[in-house]
Amino acid sequence: MSLLTSVLFAIHRLEEQRAESVLCQGLGSRAVRVRVLPRSPEVDLRKGIASANKWGSVKVAVQVDPKEASRLVDVGPPADNKAEAAKFRQFWGERSELRRFK
């Protein structure tokens, strides 16, 4: 395996790990396990690894918790926990809203 191929595999694995992280954060307790399966380059065997300009599609495996899977709302951290509340709003964007109860 050439150095270029090794670097490409490493970069793609970092992207896959980032996708796993985002999926875990978004699914929360709905998912027991999340795994993005490693991709492989689509190689024309007649042209060698140099033809690996297109990577296969991403496959995701999710094991859901049946008790949590149909939950529609995630309750974020308390509003007085500014740092965690900001992370929650940054992740969920327009989908998040602040609700205060007395």
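A nonpolar surface patch is made of residues with over 30% relative accessible area and no salt bridge, with nonpolar side chains joined within 5 Å. The exercises below apply to a predicted model.

**Exercise 1.** Determine which residues make the nonpolar surface patch of about 310 Å², and state where Val58 is found.

*Solution.* Step 1: the patch is made by Val58, Val60, Val62 and Val64. Step 2: Val58 is found in the loop between strand 3 (54-55) and strand 4 (59-64). Step 3: partly exposed lies between under 20% (buried) and over 50% (exposed). Val58 has a relative accessibility of 46%, so Val58 counts as partly exposed.

**Exercise 2.** Describe the order of helices and strands in the protein chain.

*Solution.* Step 1: the protein chain contains 2 helices and 4 strands. Step 2: along the sequence these follow the pattern α-β-β-β-β-α.

**Exercise 3.** Check the span of helix 1 (residues 3-27) against the expected value.

*Solution.* Step 1: the expected span is 1.5 Å times one less than the number of residues. Step 2: helix 1 has 25 residues and should therefore span 36 Å. Step 3: the end C-alpha atoms of helix 1 are 36 Å apart, which agrees. Step 4: just after helix 1, Gly28 takes a positive phi of about 55 degrees.

**Exercise 4.** Identify the buried residues of helix 1, and give the percentage of buried residues in the protein chain.

*Solution.* Step 1: in helix 1, the buried residues are Thr5, His12, Glu16, Glu20 and Gly26. Step 2: of the 102 residues in the protein chain, 17% are buried. Step 3: the protein chain exposes about 8,300 Å², of which carbon and sulfur atoms supply 58%.

Terms used. Residues numbered from 1 in each chain as written. Predicted model: local features only at pLDDT ≥ 70, side-chain atom pairs only at ≥ 80, totals over all residues. Heavy atoms only, no water. Patch = residues over 30% accessible without salt bridge, like charges linked within 9 Å, V, L, I, M, F, W, Y side chains within 5 Å. Areas by Shrake-Rupley, 256 points an atom, 1.4 Å probe, with all protein chains shown as cover. Salt bridge = Lys/Arg side-chain N within 4 Å of Asp/Glu carboxyl O. Buried < 20%, exposed > 50% of the residue type's maximum accessible area, 1.4 Å probe, protein only.
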